[in-house]
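Me: I'd like a close look at one part of this model, please. Keep it friendly, as I'm only in my first year.

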Amino acid sequence: MLGLVGAALFFIAFLINAANIGTNDVFTSTNVMLLGLTALALHVSGVGTGWRYRGRR
């Protein structure tokens, strides 16, 4: 799931950069790309990959 979020953030960063959209200092293409890299790193490390069921034993 976080891999898809990372891909979407990369695409948004690409659109901001390609369209040369002027945004404020917080919402630049570099910051969105870094958020995508964070989501991708969390996905690769195993965060959010699935549910764990703890039943009675």
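What does Met33 count as, going by its relative accessibility?

Reply: Met33 counts as partly exposed, at 37% relative accessibility. (Buried means under 20% relative accessible area, exposed over 50%, and partly exposed in between, with a 1.4 Å probe and protein chains only.) This is a predicted model, where local features need pLDDT of at least 70 and side-chain atom pairs count only at pLDDT 80 or more, while totals for chains, interfaces and linings use all residues. Residues are numbered from 1 along each chain as its sequence is written, and side-chain values use heavy atoms, leaving out hydrogens and water.

So where does Met33 sit? Its home is helix 2, and the chain has 2 helices and 0 strands in total. (Helices are DSSP runs of H or I with at least four residues, strands are runs of E with at least two, and both are numbered from the N terminus.) Helix 2 takes in residues 29–45, and those 17 residues should span 24 Å at 1.5 Å a residue; the end C-alpha atoms are 24 Å apart, so that agrees. (The expected span is 1.5 Å times one less than the number of residues.)

Now for the buried side. Ser29, Val32, Gly36 and Ala39 are the buried residues of helix 2. Looking down the axis of helix 2, you'd see these buried residues within an arc of 85°, so they line one face. (That arc uses the directions from the helix axis to the C-beta atoms.) An α-helix has 3.6 residues a turn, so residues three or four places apart point the same way. Turned away from the buried side of helix 2 is a face that carries the exposed residues Val44 and Ser45.

Met33 also has partners: with Leu34, Leu37, Leu40 and Val44, Met33 makes a nonpolar surface patch of about 440 Å². (Patch residues have over 30% relative accessible area and no salt bridge; nonpolar side chains, meaning Val, Leu, Ile, Met, Phe, Trp and Tyr, are joined within 5 Å, and like charges within 9 Å. A salt bridge is a side-chain nitrogen of Lys or Arg within 4 Å of a carboxyl oxygen of Asp or Glu. Areas come from the Shrake-Rupley method with a 1.4 Å probe, and for residues only the protein chains shown count as cover.)

Finally, the ends of helix 2. Thr30, also in helix 2, is partly exposed at 43%, and its C-alpha atom is 8.7 Å from that of Asn17, 13 residues away along the chain. After helix 2 comes Gly46, with a positive phi near 105°.
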